[in-house]
Amino acid sequence: MSETQTVTEENLFMSQYLKGKKGLITGVANKRSIAWAIAQALTSHGAQLAFTYQGERLKESVEKLAAELPYKAPLYECDVTRDEQIKKVFEGLAHDFGQIDFLVHAVAYAKREDLDGRTVDTSRDGFALAMDISTYSLIALAKAAEPLFPKQGGSVVALTYLGSEKVVPFYNVMGLAKAGLESAVRYLAYDLGKKNIRVNGISAGPINTLAARGIAKFTTMLEGHRHRAALGRNVEVEEVGNAAFFLLSPLGSGVTGEVLYVDCGYRIMGF
Ligand code: NAD
């Protein structure tokens with residue numbers, strides 16, 4: 001598979017599973033973003049998407065990518081720490097799409113110093129910031145999205161990583177945030193399950209993205225994963241896109257509150 005799959009005539013509308021379905025993708029920063037791979041997979045199955053971008057700094061990059069899509073995708077600014085921006089996003093969606101069928105949460109952040117050092121040295125404000133952006137944002141977005149899901153329900157997917165349940169040096173406070181995120185997936189799945197809104201996580205193996213480059217020794221991590229994974233390789237970003245398609249489409253209709261490991265079988269190994 002190519003490093004960055006682009007939407008071409010051949011892979012466009014691979015299936016019609018998501019024809020007529022609309023959704024919001026958060027977390028696209030550039031063409032390497034996992035959220036962008038998910039967007040491409042969903043588009044190739046007929047979905048129509050809207051995107052958020054974190055701020056002016058990333059606006060142009062997201063605009064350029066969205067322009068590659070075969071439809072005009074609405075774009076909204078959204079720093080997930082700002083309630084008024086979240087509110088505006090969903091007002092925009094109500095206006096542009098009416099309703100949405102799915103939501104992708106692919107947003108995370110921790111201060112560099114909280115990733116480089118020891119977890120025991122994490123500052124109070126560094127902890128709060130990592131939790132706010134990486135964990136609470138799922139709750140805030142899910143709540144804002146709830147009224148826009150149709151009567152028949154919908155689906156939410158959040159991106160997580162193994163550092164939530166196992167110690168991964170240099171993942172530090174982000175591991176704590178991902179543990180909270182995975183717990184939020186279960187609690188939200190329960191709350192929103194009454195409306196047939198499913199909530200799941202995808203625990204992806206390491207992928208070389210902007211966020212990943214904030215983790216010290218990331219290249220060593222990639223190597224370690226490749227050696228240990230049952231499949232003997234690292235995961236391709238397109239494979240995460242395909243897993244998200246499964247969970248967001250009717251194919252995943254019986255699955256909620258789960259974390260799906262798309263890690264080439266790294267997690268199952270003991271030695
Ligand atoms: P990325 O840098 O492409 O995406 C991270 C996104 O978070 C960016 O778009 C950034 O703008 C956004 N973000 C950060 N702070 C924000 C804020 N305050 N408001 C709004 N958006 C904000 O990197 P990625 O690896 O594609 O990350 C996407 C998700 O996948 C993250 O949740 C990450 O933890 C998760 N993940 C990544 C890997 C990996 O190895 N790359 C593995 C497992 C899970």
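**Exercise 1. Salt bridges around Glu 165**

Glu 165, Lys 166 and Arg 267 are linked in a network of salt bridges in this predicted model. Work out what is known of the pair Lys 166 and Glu 165, and state how far each of the two residues is exposed.

*Solution.*
Step 1. The side chains of Glu 165 and Lys 166 meet in a salt bridge, with 3.9 Å from N to O.
Step 2. A salt bridge requires a side-chain nitrogen of Lys or Arg within 4 Å of a carboxyl oxygen of Asp or Glu, and the 3.9 Å of this pair fits that cut-off.
Step 3. Lys 166 has a relative accessible area of 47% and is partly exposed. Glu 165, at 36%, is partly exposed too.
Step 4. Arg 267 belongs to the network with these two residues.

**Exercise 2. Other salt bridges**

State how many salt bridges a search of the whole structure finds, then describe the one between Asp 121 and Arg 118.

*Solution.*
Step 1. The search finds ten salt bridges.
Step 2. In one of them, the side chains of Asp 121 and Arg 118 meet at 3.0 Å, N to O.
Step 3. The relative accessibility of Asp 121 is 49%, so Asp 121 counts as partly exposed. Arg 118 reaches 54% and counts as exposed. The boundary between the two classes is 50%.

**Exercise 3. The two sides of helix α2**

Sort the named residues of helix α2 into buried and exposed ones, and say how the buried ones are arranged around the axis.

*Solution.*
Step 1. Helix α2 spans residues 56-66, and its buried residues are Leu 58, Val 62, Leu 65 and Ala 66.
Step 2. Viewed down the axis of α2, these buried residues fall within an arc of 90°, so they line one face of the helix.
Step 3. An α-helix has 3.6 residues a turn, so residues three or four places apart point the same way.
Step 4. Elements covering the buried residues of α2 include α1 (34-44), β2 (48-53) and β3 (75-77).
Step 5. The face turned away from the buried side carries the exposed residues Glu 56, Glu 60 and Lys 64.
Step 6. Lys 64 and Glu 60 form a salt bridge, their closest N and O atoms being 4.0 Å apart. Both residues lie in α2, four residues apart, which is about one turn of the helix.

**Exercise 4. A buried histidine**

Locate His 105, decide whether it is buried or exposed, and list what it touches.

*Solution.*
Step 1. His 105 lies in strand β4, residues 102-105.
Step 2. His 105 has a relative accessible area of 1% and is buried, the cut-off being under 20%.
Step 3. Leaving out residues up to four places away in sequence, His 105 touches Thr 26, Ile 133, Ser 134, Ser 137, Leu 138, Leu 141, Val 157, Ala 158, Leu 159 and Leu 181.

**Exercise 5. Cysteines and a nonpolar patch**

Give the disulfide count, the burial of Cys 78 and Cys 264, and the residues that make the nonpolar surface patch.

*Solution.*
Step 1. With a cut-off of 2.5 Å between cysteine sulfur atoms, the count is zero disulfides.
Step 2. Cys 78 is buried at a relative accessible area of 5%. Cys 264 also counts as buried, at 7%.
Step 3. Tyr 17, Phe 246, Leu 251 and Leu 260 make a nonpolar surface patch of about 340 Å².
Step 4. Leu 251 is found in the loop between α8 (237-248) and β7 (259-262). Its relative accessibility is 42%, so Leu 251 counts as partly exposed.

Technical notes. Residues numbered from 1 in each chain as written. Predicted model: local features only at pLDDT ≥ 70, side-chain atom pairs only at ≥ 80, totals over all residues. Heavy atoms only, no water. Buried < 20%, exposed > 50% of the residue type's maximum accessible area, 1.4 Å probe, protein only. Helix = DSSP H or I, 4+ residues; strand = E, 2+ residues; numbered from the N terminus. Arc of directions from axis to C-beta. Contact = heavy atoms within 4.5 Å. Patch = residues over 30% accessible without salt bridge, like charges linked within 9 Å, V, L, I, M, F, W, Y side chains within 5 Å. Areas by Shrake-Rupley, 256 points an atom, 1.4 Å probe, with all protein chains shown as cover.
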